[in-house]
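Subject: Handover of a structure for your review

Dear colleague,

Please find below the structure that I am handing over to you. My findings follow directly after it.

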Amino acid sequence: MSMEWQGKVAVVTGAGGTLCSVIAAFLAEKGMKVVLIGRTKEKLEKTAAVIQSKGGVCRIECADVNDVAALTDIANRVAAEWGPCRILVNGAGGNNINAMTTNTAYNPVEITSDKPEDMRGFFDLDMDVFANVLKTNTVGTVIPCQIFGKQMVVAGGGSILNFASMNTYRPLSRVSAYAMSKAAIANFTQWLAAYLAPANIRVNAVAPGFFVNERSIKYLRTPDGGLSQRGENVMQHTPMKRFGEAPDLLGCVEWLLDDEKAAFVTGITVPVDGGFLSSTGI
Ligand SMILES: NC(=O)c1ccc[n+]([C@@H]2O[C@H](COP(=O)([O-])OP(=O)(O)OC[C@H]3O[C@@H](n4cnc5c(N)ncnc54)[C@H](OP(=O)(O)O)[C@@H]3O)[C@@H](O)[C@H]2O)c1
């Protein structure tokens, strides 16, 4: 079944972020009524301003994607005022520096009394912080799928887009919790695609390569705008020799969400990575 986007409701979590602010604006440009979800009102207001300056329709709904009651309340109000959600983009996610090791591999000093104060090895990782990263990136995708997916079922169909990562395929150093959670996203995308196919709902994921955002800029760039050591490493493994920009995702996002163009496509994760996964760097 193809679905005309004009006037239909799209829900975008993480809509104040680097990637999904652009995706939300894109969906609004296509005529969708876009629900912008995130925890920080100011970030969502910036996205809303861009959308409204181009005559698009959107609304700001502040919530944590792990908060079932808050999301249920949003879903009920949106359905009553705008109609059911037909497209869901699960962009909320991220990492926490305290869930990352400072060293890329085990260093014998990390279990001695000589361990530098600023060193955080695997054995030091705080499990509450670690679990919180897992939760936001996994359950924080599952909950919106439950709440907004149910509206799609009742409406007769829809499309869901999740966010995987290069970590989905092989874990990057230092970011164990994040990597584990993004591997889970590809798995859940397949599971939910199979489950919801009879309900005429397609579920896919995009796996962005390296797109500089507020968090990753600290690891990928130096304060003067050059490349950090990690940024150099990424570039060496990226045949197209640049970081991604949010608009680079739009063709893939449009295709995966479109019920005509991707009518027989469900359960896949598509890398948009400038060739990163194809290159061994050797
Ligand atoms: N940038 C990349 O290179 C890259 C690569 C691969 C995958 N990804 C994935 O792509 C997605 C978007 O990334 P991005 O670069 O746009 O990141 P971003 O700029 O940090 O945006 C993520 C947004 O998610 C929101 N968020 C985080 N936790 C939330 C929660 N518990 N509840 C509600 N909202 C929450 C944040 O806003 P608040 O803090 O205000 O809530 C933030 O605006 C993420 O899933 C990310 O992991 C990014």
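Two residues are taken to be in contact if their C-beta atoms, placed from the backbone, lie within 7 Å. By that criterion, S21, A24, A25 and A28 of helix 1 meet T47, V50 and I51 of helix 2. In terms of residue class, this contact of helix 1 with helix 2 comprises 5 nonpolar and 2 polar residues, with no charged ones.

Before I continue, please note that the model is predicted.

Confidence

The mean pLDDT of the protein chain is 96, and 99% of the residues score at least 70. Confidence is highest in strand 1 (residues 9-13), at 99. The lowest value belongs to helix 7 (residues 217-220), with a mean of 89. As a general caution, predicted coordinates should not be read in detail where pLDDT is low.

Helix packing

Three helix pairs deserve a description.

Helix 1 (residues 18-29) and helix 2 (residues 41-53), whose contact opened this message, have axes 10 Å apart and pack at an angle of about 30°. Angles under 35 degrees count as roughly parallel, and helix 1 and helix 2 are therefore roughly parallel to each other. Their crossing is right-handed.

The second pair consists of helix 3 (residues 68-81) and helix 5 (residues 139-155), whose axes come within 10 Å and cross at roughly 25°. That angle makes helix 3 roughly parallel to helix 5. Helix 3 passes helix 5 in a right-handed crossing. On the side of helix 3, the contact is made by V68, L71, T72, A75 and A79; helix 5 contributes I143, P144, I147, F148 and Q151. Sorted by class, the contact of helix 3 with helix 5 has 8 nonpolar and 2 polar residues, and no charged residues.

Helix 5 also takes part in the third pair, packing with helix 6 at an angle of about 20°, with the axes 11 Å apart. Helix 5 and helix 6 are therefore roughly parallel to each other, and their crossing is right-handed. Here T141, V142, C145 and G149 of helix 5 face I185, F188, L192 and L196 of helix 6 in the contact. The class count for the contact of helix 5 with helix 6 is 6 nonpolar, 2 polar and no charged residues.

One further residue of helix 5 is V139. The C-alpha atoms of V139 and N66 are separated by 6.7 Å, although the two residues are 73 apart along the chain. V139 is partly exposed, because 15 other C-beta atoms lie within 10 Å.

Backbone conformation

Most residues other than glycine have a negative phi. Which residues have a positive phi without being glycine? R174, with phi near 80°, is one of them, and N200, at about 65°, is another.

R174 lies in the loop between strand 5 (158-163) and helix 6 (176-196). N200 is placed in the loop between helix 6 and strand 6 (201-208).

Are these residues buried or partly exposed? R174 is buried, because it has 20 other C-beta atoms within 10 Å, and the cut-off for a buried residue is 20 or more. N200 is partly exposed, with 16 other C-beta atoms within 10 Å.

With kind regards

Methods. Residues numbered from 1 in each chain as written. Predicted model: local features only at pLDDT ≥ 70, side-chain atom pairs only at ≥ 80, totals over all residues. Axes fitted to C-alpha atoms, helices over the stretch in contact; angles between N-to-C directions. Helix = DSSP H or I, 4+ residues; strand = E, 2+ residues; numbered from the N terminus. Parallel < 35°, antiparallel > 145°, perpendicular 65-115°, else oblique. Left-handed = near helix turned anticlockwise from the far one by under 90°. Nonpolar A, V, L, I, M, F, W, Y, C, P; charged D, E, K, R; others polar. Buried ≥ 20, exposed ≤ 12 C-beta atoms within 10 Å, placed from the backbone. pLDDT = per-residue confidence, 0-100.
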